[in-house]
Amino acid sequence: MQTSELQSIKARFGIIGNSPALNHAIEVASQVAPTDMTVLITGESGSGKESFSKIIHNLSARKHGQFIALNCGAIPEGTIDSELFGHEKGAFTGAIDARKGYFEVTDGGTIFLDEIAEMPLGTQARLLRVLENGEFIRVGSSKVQKTNVRVVAATNINLMTAVERGKFREDLYYRLNTVPIFVPPLRDRGMDIELLFRKFSSDFAEKYRIKPIQLTSDAQQILLTQRFPGNIRQLKNLAEQISILETDERIVDGEKLAHYLQMNNGKMMGNSLVRRDFEAQQNDNFTERELLYKILFDMRKDVTELKRMFLEVLQNGEVNPDILKQNESLFQNIEKERSFPFQPNYQPEFNSPRTLPPTANNFSNNQPDNELTIINLGNNNAENKNAFIDVTHEAEEVSFSLEKQEKDMIIKALQKNKNKRKYAAQDLGISERTLYRKIKQYDIEEE
């Protein structure tokens with residue numbers, strides 16, 4: 001592509017910069033624009049991926065058609081199918097009218113799907129059918145419809161990694177990645193950073209009729225060493241912030257710029273040496289996830305120790321003082337009114353019977369599988385001091401049959417509502433017709 005054509009595209013779409021990576025991305029976009037091939041634009045957030053989708057649309061034969069840009073991450077998962085492919089009347093709760101989807105509205109145009117990696121897997125399968133056959137089905141319909149839409153997708157994450165993790169369909173990835181375009185991050189564009197800063201500060205000064213700010217040579221060098229994880233968005237915010245806050249002098253030196261960078265980022269990003277020092281300090285500290293894991297493991301350890309102590313009480317009727325000494329830390333942070341009194345010779349007293357659920361491994365082979373009741377025998381009976389009595393109860397047989405439980409619920413609902421099916425169905429959360437069918441199915445006699 002000739003330099004004049006390249007500069008013409010930049011001027012038309014407001015693209016500032018002359019870095020080789022940026023020029024290559026523009027050349028690829030202009031070459032693929034006249035075709036109907038699917039394009040996948042990759043790059044960091046804020047690097048200007050949407051501008052390339054507009055280049056592709058406006059330089060194509062579809063330029064007179066509609067162009068719609070969608071952020072897949074901003075559409076709720078439950079409604080994204082309806083938004084993209086439309087729905088019929090009554091397809092779901094609230095669908096009072098039929099509605100056309102974006103693929104139907106943009107027939108003959110271009111649709112830009114930003115953050116394509118956030119699209120649910122079910123919607124990805126529908127999108128794959130549109131890309132391969134140009135067919136889609138509205139939600140709640142069985143009629144296949146045709147559309148002629150060009151899809152331009154964009155993402156700021158590695159889709160191959162998402163494919164390996166099962167978050168993105170592999171067949172859709174290869175279908176979208178027909179022509180890949182990589183938009184370079186701002187930190188890799190060299191002197192473009194200074195050009196963009198001057199553009200943003202000039203636009204802001206012209207808008208509010210103030211004098212534009214200027215950077216000294218040392219400030220320019222500091223600006224060029226920044227990483228700018230927010231890319232162009234972050235640089236624009238920085239330029240506007242300095243333009244409005246720097247009231248006295250409109251010339252910003254390195255010291256002032258460093259102050260604004262620190263205020264803007266919460267830390268000094270500076271040169272690579274400063275960044276390495278900061279990252280080293282960060283690696284020495286626990287991350288939030290590591291702290292949560294540590295707390296969970298400590299809690300698990302405490303619960304295990306408490307279980308062991310409780311088992312000791314059940315088996316021997318008293319707590320071994322050695323166990324209490326070993327686990328004294330378990331009772332240090334408990335509120336005073338709820339604290340466990342630490343006594344070396346402490347023996348728990350069972351003043352009232354307690355009922356314990358049956359366990360998989362009983363303490364005695366002679367114990368029944370029913371509930372276990374522990375009764376205090378008092379301290380006067382020395383030979384029975386550490387003993388406990390097993391009292392068996394006739395435990396109600398529990399059925400795990402879903403059909404039996406469903407039948408019992410229907411009978412109880414009918415009895416509660418005096419065999420009025422309408423109100424019984426409301427209590428059960430089913431229709432009266434379904435209740436009638438269930439009554440016949442389970443042969444329930446209505447009194």
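**Figure 1. Phe-228 in the loop between helix 10 and helix 11.** In this predicted model, Phe-228 occupies the loop that runs between helix 10 (217-224) and helix 11 (231-245). The phi angle of Phe-228 is near 50 degrees, a positive value in a residue other than glycine. Phe-228 counts as buried because its relative accessibility is 2%, under the 20% limit for that class.

**Figure 2. Asp-443 in the segment after helix 18.** A positive phi of about 55 degrees is found for Asp-443, although this residue is not a glycine. Asp-443 lies in the segment that follows helix 18 (432-442). With 63% relative accessibility, Asp-443 counts as exposed, since the exposed class takes values over 50%.

**Figure 3. The contact of helix 1 with helix 2.** Helix 1 (residues 3-13) packs against helix 2 (residues 20-32) with the two axes 11 Å apart and at an angle of about 90 degrees. Helix 1 is therefore roughly perpendicular to helix 2, a description that covers angles of 65 to 115 degrees. From helix 1, Leu-6, Ile-9 and Lys-10 take part, and they meet Asn-23, Ile-26, Glu-27 and Ser-30 of helix 2. By residue class, this contact of helix 1 with helix 2 comprises three nonpolar, two polar and two charged residues.

**Figure 4. Leu-22 of helix 2 and its surroundings.** Leu-22 is placed in helix 2 and is buried, with a relative accessible area of 3%. Apart from neighbours within four places in sequence, Leu-22 is in contact with Ile-15, Ile-16, Gly-17, Phe-52, Pro-184, Arg-189 and Asp-192. Leu-22 and Asp-192 are 170 residues apart in sequence, and their C-alpha atoms are 9.7 Å apart in space.

**Figure 5. Arg-189 in the loop between strand 7 and helix 9.** The loop that holds Arg-189 lies between strand 7 (179-182) and helix 9. Although charged by residue class, Arg-189 counts as buried at 6% relative accessibility. When neighbours within four places in sequence are set aside, the contacts of Arg-189 are with Ile-16, Gly-17, Ser-19, Leu-22, Pro-184, Leu-196 and Ile-232. The contact with Leu-22 also appears in the list for that residue, which includes Arg-189.

**Figure 6. Ala-153 in strand 6.** Ala-153 belongs to strand 6 and counts as buried at 0% relative accessibility. Leaving aside neighbours within four places in sequence, Ala-153 is in contact with Val-39, Leu-40, Ile-41, Phe-112, Leu-113, Ile-116 and Leu-176. Along the chain, Ala-153 and Val-39 are 114 residues apart, while their C-alpha atoms are separated by 6.3 Å.

**Figure 7. Asn-156 in the loop between strand 6 and helix 7.** Asn-156 is found in the loop that links strand 6 (150-155) with helix 7 (159-164). Asn-156 is partly exposed, with a relative accessible area of 41%. Beyond neighbours within four places in sequence, Asn-156 is in contact with Gly-43, Glu-44, Ser-45 and Lys-49. Asn-156 and Gly-43 are 113 residues apart in sequence, and the distance between their C-alpha atoms is 5.1 Å.

**Figure 8. Aromatic pairs and a charge over a ring.** The count of aromatic pairs comes to four. One of them joins Phe-204 and Tyr-208, whose rings lie 4.7 Å apart centre to centre with 45 degrees between the planes, a tilted arrangement. Because Phe-204 and Tyr-208 are four residues apart in helix 9 (residues 192-208), about one helical turn separates them. Phe-204 counts as buried at 11% relative accessibility, whereas Tyr-208 counts as partly exposed at 47%. Elsewhere, Phe-85, Phe-103 and Phe-136 form one aromatic cluster. Arg-99 lies over the face of Tyr-102, at 5.6 Å from the ring centre.

**Figure 9. The chain as the setting of the close-up views.** The chain contains 18 helices and eleven strands. Of its 447 residues, 34% count as buried. Among contacts in the chain with a separation of 6 or more, 63% are between residues 24 or more positions apart.

Terms used: Residues are numbered from 1 along each chain as its sequence is written. This is a predicted model: local features need pLDDT of at least 70, side-chain atom pairs count only at pLDDT 80 or more; totals for chains, interfaces and linings use all residues. Side-chain values use heavy atoms; hydrogens and water are left out. Rings of Phe, Tyr and Trp (its six-membered ring) pair if their centres lie within 6.5 Å; planes under 30 degrees apart count as stacked, over 60 as edge-to-face and the rest as tilted. Helices (H or I, at least four residues) and strands (E, at least two) are DSSP runs, numbered from the N terminus. Buried means under 20% relative accessible area, exposed over 50%, partly exposed in between (1.4 Å probe, protein chains only). A charge sits over a ring if NZ of Lys or CZ of Arg is within 6 Å of the ring centre and within 35 degrees of the ring normal. Contact means heavy atoms within 4.5 Å. Axes are lines fitted to C-alpha atoms, for helices over the stretch in contact, and angles run from 0 to 180 degrees between N-to-C directions. Angles under 35 degrees count as roughly parallel, over 145 as roughly antiparallel, 65 to 115 as roughly perpendicular and the rest as oblique.
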